[in-house]
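User: Could you walk me through this structure? I would like to go through it one question at a time.

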Amino acid sequence: MGAFIAFKNVTKKFGALTVVDNLDLEIAKGEFVSLLGPSGSGKTTLLMMLAGFERPTSGEIFLDGKPITHLPPHRRQMGMVFQNYALFPHMTVAENVAFPLEMQRVPRAEIVRRVERALDMVRLGALKDRKPSQLSGGQQQRVALTRALVFEPDVILMDEPLGALDKQLREHMQLEIRDLHRRLGLTIVFVTHDQSEALTMSDRIAVFNAGKIEQIDTPQMVYDRPRTRFVAEFIGETNLVAGKVVDAGGERAVVRVGDAALSVCGNVQPGRDVSLSLRPERIRLGSTPAAANALPVTVADCIYHGDHMRLVLKSGSLELVARAERLAGDWPVGTEAVASFDPQDCTVLAS
Amino acid sequence: MSRPSIRDRAWAAALVAPLVLFLVLFFVWPLWTMVTASVVDDAVTKVLPRTAAAMAQWDGNDLPPPAVQTAFAEDLRSAEDQQALGEAVRRLNSAVSGFRTLLSRTVTAAREAADLASLDLAAIDRRWSDPRFWRAIRDAVPPYTDRNLLAALDLKRDASGNITAEDPGTAANRVIMLRTFVIAGTVTLVCALIGLPYAMLAASASGLVRALLLLAVLLPLWTSLLVRTAAWFILLQQEGLINDALMAIGLIDGPLPLIFNRLGVIIAMTHVLLPFMVLPIYSVLIAVPRNLMPAAASLGAGPLRAFWRVLLPLAMPGLMSGCLLVFMVAIGYYITPALVGGANDQMISSVIAFYALGTANWGMAGALGLILLAVTLLLYVVYGRLSRSPQLPGGA
Amino acid sequence: MLRALQIVFGVLVVAFLILPIIAILPLAFTSSVFLTYPIPAYSLRWFEELVTADVWRLSIVNSLIIGIGATVLSTVLGTLAALGLRRSALPLAGLLRTLFLLPMVVPAVVLGVGMQILLVRLGLASSYTGVIIAHAVLCVPFVVVSVSAALQGIDPAIERAAMSLGAPPVTVFRRVTLPLAVPGVVSGAVFAFATSLDEVVITLFVAGPNQRTLARQMFSSIRENISPTVAAAALLLIVGTLCLAALAALLRRREKRATALP
């Protein structure tokens, strides 16, 4: 997999504040990579450096093997979709979409043809003479997307493009963008702080924290095999359990938590203090003792969530949250039960 | 955001430069010219350079030594520029009257004399044996003077150079300054008394009523100042609408004197400046959450207490800005007092205009202008601080 | 009780603010030579006087010449400066902004005295150039404030979007920044023109008899020998400024709508 976009040792400082800290990142052609993290973690700054609006303090950025670190934004051939769309308020929809083509000196007749085709594709052909302020949020979003795509750029950059939409529209647009990515084979770098958005759309997710990438992996790996405590907590909900490694070999380890010895996934040395990450939905509750990886628990609280219940379980000083499907029956407060899980569902975090 | 690059800065500087240049040339320089006009006093030095240099030898008692007299005669002989000579005469005459005839006679004599060193000035005119005239020349030769600035404050230097009060007969400036502050203060007070409740009314109203109340404030602001003053002139005159109306409903028998007096000035200036009071208070009040007064009421505060403890403290920054703004604009007012006021309602601007336009006395116009400028800028600095303070972290 | 008091107070203040301006208007149509009510008969004689009497006709022409000159000069200089001040790329930007606003603060008489002395020295006294320059100084703050507000309303992302779509900086300025700033420039120019039209004090100091403006002529007419021509001129000024105000309001609304994106 040859790198199409590459960041090499990129650092960005604003005064004394280091926003991006000696970072390496490679993105392949046709890949959909999400940059996920809390605000201030450096993901937007990284995107701005890729777009050319910010210069790295040190390090280089490459596009298709060529350094672009000092190339001005208008010569980078990257279509960008902004947080609030950044449509030109004084131009009509058609003029907005025609703008990048005019910049490339495409002949007038061809511009008209391509704009019309592009707008028809996103079902906005009828609105082409409207001003952006006369469109709904979802329509504005589609114009912004069309405008970024119409000049067939090498890379599409998206800076929280769906943040301003309501939940239903956002989910619809997520699917639409994912579909566009597949159909056109686009390379997309997508900044978001919404983990479910990143999980739904991306080929790979880069999780940012304090200017560094904590983990970059497929959505499944990021969710199931978080490498750090930050990733485990930032994506989804998890139970963090402290313990000591008593035995280890290969990808498996045995960790002592209280009186119980639990076998879990992870490559660690024996004798170390570690944290375990255990997702609520991976905890099985039963009334009879299970064979392995079982903890005796008491139901301390039961919270109704419509389609499922959340149970707070106590085992000695340990407190776990579990998700129980409605079909799995009722678990009144005070019930004694056994919680168990499969070794591959529990990950050791490097702590 | 990135810090601007050198190229950005060069661009910005190039864009700003024309206006900076323009304002330095036609705004800062004029003000500077006015300030210097009040302290520069070189009319005499220009004509009598040798005398000015020789004056150092004289202690000011009795008559000056012969060297001074000879230098003076030489200066007079070589005085070619009639206009400059005229200005010097005028300057000297304003100190001691009699210089006009004295100098013209002496100039003629100096030009005709064969030997200046032996010229006896006292023989040409007996007044040259009077030290008062020599002292007037000595006082007038330094190129800079504080005479105008002192005079603006009704002060002067006596014969021995000490600062003393001006004779009560000629002192008028302090009275005018006091009057300026009194008129401006009265207008500010009246504006505050009307403006605060009006702004509260506008802020609490909604929809059409609020729009109407605001339009009533903005419309005068948009109307030419001169039109508004002309309107008051017409309304307030003897046969004006107000007197007619009052007589028609039988409140008064004869017309009230409403124009060319203090009352007319206050009414017209209040009308002109009221928007400057209403708008700052309104803009502060509009930001106050609407449920604050009901909240205060629910906590047991009656309407008056709620106003006193909640709304008034919140309106305070706007009220202060409004007062400063009105006062600052009012002290510089010229047109309204000039048209609607009487002789005893003229403010400092009128006196400045009188000196500059009427008597071409730039020195006095400059000195009074400098005082007005200083007071205005001081108020502006306070206003700037005040209107910025609400945004300060931790500020009220 | 309180409600009634509020209504009475509100009506009284509105009347105080509006009525004087309205009261002067009908007098422009009086047939009498006195500015008093009741109006004996209506006529247009004072408007006729306004356009036929040399002093008045000349003053209207002068007001237009000087107003247009001052507007053009201050709008060009002020717009450039507002663009330069944007994003405060300059050191001392705050100080410069204060300098640009000061002509609004300094009492007109003070500036008038200085301007009079200086223009005499520069040989510009009693010339159109001198009066236009003096008026432009007073107009500059309005242009700077208005254009700066318009520029501040432009989302920087919009200009970035243009760059990312392939527009070099000059094109971004020409196609995006400038069109979005135009309403601010126009309303600044309207303010500038209205300011020049209404200016009396500085004009008293720097203009000669040949540069007498309408406002200046009204001033001396009220002072020396008031006639209903003043009311006619006032009507002309009110109608003129209201038209300009309406134009500015219209543009501001358009500007607001254009940038009112979520």
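User: How far apart do the end C-alpha atoms of residues 263-289 of chain B lie?

Analyst: Happy to help! This is a predicted model in which local features need pLDDT of at least 70, side-chain atom pairs count only at pLDDT 80 or more, and totals for chains, interfaces and linings use all residues. Residues are numbered from 1 along each chain as its sequence is written, while chains are lettered from A and ligands numbered from 1 in the order in which they are written. The span 263-289 of chain B is 85% helix and 0% strand (helices are DSSP runs of H or I, at least four residues; strands are runs of E, at least two; both numbered from the N terminus). Its end C-alpha atoms lie apart by 39 Å.

User: Which helix of chain B gives the most to the side that touches chain C?

Analyst: Contact here means C-beta atoms, placed from the backbone, within 7 Å. On that basis 64 residues of chain B meet 65 residues of chain C. The top contributor on the chain B side, with 19 residues, is helix α1 (residues 6-39).

User: What separates the centres of domain 1 and domain 2 of chain B?

Analyst: An automatic or database domain assignment sets the bounds. For chain B these are domain 1 (1-40), domain 2 (43-143) and domain 3 (173-391). Taken over C-alpha atoms, the centres of domain 1 and domain 2 of chain B are separated by 44 Å.

User: And in chain A, how far apart are the C-alpha centres of domain 1 and domain 2?

Analyst: Chain A is split into domain 1 (3-232) and domain 2 (237-349). Their C-alpha centres are apart by 39 Å.

Definitions and conventions:
Contact = placed C-beta atoms within 7 Å.
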